[in-house]
Amino acid sequence: MFEMGKFEVLDHPLIQHKLTIIRNKNCGTREFREVVNEIAELMVYEVCRDMPLEDVKVETPVATAVEKRLTGKKVVVVPILRAGLGMVDGVLELLPAAKVGHIGMYRDEETLQPHEYFVKMPDHLDKREMIIVDPMLATGGSAIAAVDALKKRGAKSIRFVCLVAAPEGVKALRDAHPDIDVYAAALDDHLNENGYIVPGLGDAGDRLFGTK
């Protein structure tokens, strides 16, 4: 019997303030890219809140003390290409020793279904804490396929982190993988007929990389 994962909206005032900046259609590529990384850094602070600690002895300049350090599984940050790349540097600011894996997905514009074209991961995923990052959780298709790809390669502990989620995507991901934790900076209203989140951010990949 597995433990049920959680869904959490991280409503810290700084996260919400910065999310408003990038929602604005007039936010330029440079600012959009910078703020996405800032939000990712703020989010990972909360995402890691329940990571286990162990006691260690430390010689301070004054005395010997018993203090805390992270223990347990090593972290792997897994961006879903290409938009997920925009969150990686923010995560690495707080977890500089984390390894980075990559999952390449593209979405069929007619069926809206994801297709995997690239997966590159470090070894021993069963001994690692996986953090998948992608700015958008829309239909949930890419997120589900990414989790499928990691589980197929042995991953046991997976967290999914996005900036903006649609209720449809959250439901689809949690129905398919109820054991993983899902974190979002915002839960938006719905998906439109084109599969875009409303009000959303538009196409996060295009806005990050200046493409159309």
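These are legends for a handful of close-up views of a predicted model.

**View 1. Helices α1 and α2, packed side by side.** Start with α1 (residues 13-23) and α2 (residues 29-47), whose axes come within 9 Å and cross at roughly 160 degrees. Anything over 145 degrees counts as roughly antiparallel, so that is the label for α1 against α2. The crossing of this pair is left-handed. On the α1 side, the contact is made by L14, I15, K18, L19, I21 and I22. From α2 come E31, F32, V35, V36, E38, I39, L42 and M43. Sorted by class, the residues of the α1 contact with α2 give 11 nonpolar, no polar and three charged.

**View 2. Helix α2 again, now with α3.** Here the axes of α2 and α3 (85-94) come within 7 Å, and the crossing angle is roughly 45 degrees. The two helices are therefore oblique to each other. This crossing is right-handed. What does α2 bring to the meeting with α3? It puts in V36, N37, A40, E41, V44 and Y45. Facing them in α3 are G86, M87, V88, D89, G90, V91, E93 and L94. The class count for this contact is eight nonpolar, three polar and three charged. Note that V36 of α2 turns up in the contact with α1 and again in the one with α3.

**View 3. Helices α4 and α5 and their nonpolar contact.** The axes of α4 (residues 141-152) and α5 (residues 167-176) come within 9 Å and cross at roughly 25 degrees. Since angles under 35 degrees count as roughly parallel, α4 is roughly parallel to α5. α4 passes α5 in a right-handed crossing. Three residues of α4, namely A143, I144 and V147, meet A172, L173 and A176 of α5. By class, that contact holds six nonpolar residues, no polar ones and no charged ones.

**View 4. The largest pocket.** Its volume is about 650 Å³. Which of the 30 lining residues are closest to the centre of the largest pocket? They are R107, D134, M136, S142 and D203. Several elements give two or more residues to the lining: the strands β4 (74-81), β6 (102-107), β7 (114-120) and β9 (136-137), plus the helices α4 and α6 (204-209). So α4, whose partner in the previous view is α5, also helps line this pocket. If you're thinking about the chemistry of the lining, it divides into 16 nonpolar, eight polar and six charged residues.

**View 5. The second largest pocket.** About 380 Å³ of space lies in this one. The lining has 17 residues, and M51, L70, K73, K74 and V75 are the closest to the centre. Two strands, β4 and β8 (128-133), each supply at least two lining residues. That gives β4 a share in the lining of the second largest pocket as well as in that of the largest. By class, the lining of the second largest pocket comes out at nine nonpolar, two polar and six charged.

**View 6. Backbone oddments: two cis peptide bonds and a positive phi.** Zoom in on the bond that joins L81 and R82: it is cis, with omega at about 5 degrees. R82 is found in the loop between β4 and α3. The other cis bond shown here runs from V198 to P199, with omega near 0 degrees. P199 has its place in the loop between β13 (197-198) and α6. And which residue has a positive phi although it is not a glycine? That's H124, at about 55 degrees. H124 is found in the loop between β7 and β8.

Definitions and conventions. Residues are numbered from 1 along each chain as its sequence is written. This is a predicted model: local features need pLDDT of at least 70, side-chain atom pairs count only at pLDDT 80 or more; totals for chains, interfaces and linings use all residues. Side-chain values use heavy atoms; hydrogens and water are left out. Axes are lines fitted to C-alpha atoms, for helices over the stretch in contact, and angles run from 0 to 180 degrees between N-to-C directions. Helices (H or I, at least four residues) and strands (E, at least two) are DSSP runs, numbered from the N terminus. Angles under 35 degrees count as roughly parallel, over 145 as roughly antiparallel, 65 to 115 as roughly perpendicular and the rest as oblique. A crossing is left-handed if the near helix is turned anticlockwise from the far one by less than a right angle, and right-handed if clockwise. Contact means heavy atoms within 4.5 Å. Ala, Val, Leu, Ile, Met, Phe, Trp, Tyr, Cys and Pro count as nonpolar, Asp, Glu, Lys and Arg as charged, and the others, Gly among them, as polar. On a 1 Å grid over the protein atoms alone, a cavity is a set of points where a 1.4 Å probe fits but cannot get out, and a pocket is an open set with protein on both sides within 12 Å along at least five of seven lines; lining residues have an atom within 4 Å of a point. Grid points are joined across faces, edges and corners, and a volume is the space filled by probe spheres set on the points.
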